[in-house]
Amino acid sequence: IFSVFVLSYLAPQRMSSKGLAVVFVEEGYETLEFHYPRLRLQEAGYHVEVVSPEKGKTYKAKMGEYPAQSTAASGDIKPSEVKILVVPGGHCPEQLRKCSKCVELLRACYNDGKGAVVGTICHGGLLAVSADILRGRRATAYCSIKDDIVNAGGKFLDHERCVADGRLVTAQIPDDLPALLTSILRVVSEGEEGGVIPSHALW
């Protein structure tokens, strides 16, 4: 069953027309925080690349269910072509931040030209810390990485479950995935927002 699941999502996206979206993956990812954005962005018409340090590698989720296979290595992606980039939580951000090309891809996507809309959830903010894109930005995440975000120059909003500050959209836990993706797609369609969009304004 797992092998069929892995193979089933590798091919059907080539006709997408809205542009390229990247969803990072590594060992120990949080299941919903990876698969929900991948499927939602594909549904919205984006060509989704599942990106990790190594193309074609299969990764287990934190609880061991629903394996995910990368479709591209971080070095294969052109930052200027990326419209949306999502970093899931679980243990995978700790693995991703060990890969300099993954860190640089996130930094370049955020900083290149108009830049991509970057979404992180739960512990996904750790990769944003390593990429140094939080300085001066308001963000949220799982409470245990509050100090990491603050030390990276971000302002942690623990009372907001999802926060959009410019092209950076952050959320706390899997229950916040609908708000995260709604906000990401809104920022892409309407252009960069000047300030923070709080949780209650995302629905």
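Colleague: Are Y29 and F34 buried or exposed?
Modeller: In this predicted model, both Y29 and F34 are buried. That word needs a relative accessible area under 20%.

Colleague: How many aromatic pairs does the rule give?
Modeller: The count comes to 1 aromatic pair. The ring centres of Y29 and F34 lie 5.1 Å apart, and the limit is 6.5 Å, so the two rings pair.

Colleague: Why is the pair of Y29 and F34 called tilted?
Modeller: Their planes stand at 55°. Stacked needs under 30 degrees and edge-to-face over 60. The angle fits neither class, so the pair is tilted.

Colleague: What makes the charged end of R167 count as sitting over the ring of Y110?
Modeller: The charged end of R167 is 4.6 Å from the centre of that ring. The distance limit is 6 Å, and the charge must also be within 35 degrees of the ring normal. R167 is listed as sitting over the ring of Y110.

Colleague: What makes strand β2 mostly covered?
Modeller: In β2, residues 47-52, 6 of its 6 residues are buried. H47, E49 and V51 point one way, while V48, V50 and S52 point the other way.

Colleague: How do you know that β2 pairs with β1 and with β5?
Modeller: Pairing needs at least two bridges. Strand β1, residues 20-24, has 5 bridges to β2, in the parallel sense, and L20 stands opposite H47. Strand β5, residues 72-73, has 2 bridges to β2, also parallel, with V51 opposite A72. Both counts reach the limit, so both are pairs.

Colleague: Which elements make the β-α-β unit?
Modeller: β1, helix α2 (residues 31-43) and β2 make a right-handed one.

How values were computed. Residues numbered from 1 in each chain as written. Predicted model: local features only at pLDDT ≥ 70, side-chain atom pairs only at ≥ 80, totals over all residues. Heavy atoms only, no water. Buried < 20%, exposed > 50% of the residue type's maximum accessible area, 1.4 Å probe, protein only. Helix = DSSP H or I, 4+ residues; strand = E, 2+ residues; numbered from the N terminus. Right-handed = clockwise from strand over helix to strand, strands pointing away. Phe/Tyr/Trp six-rings, centres within 6.5 Å; stacked < 30°, edge-to-face > 60°.
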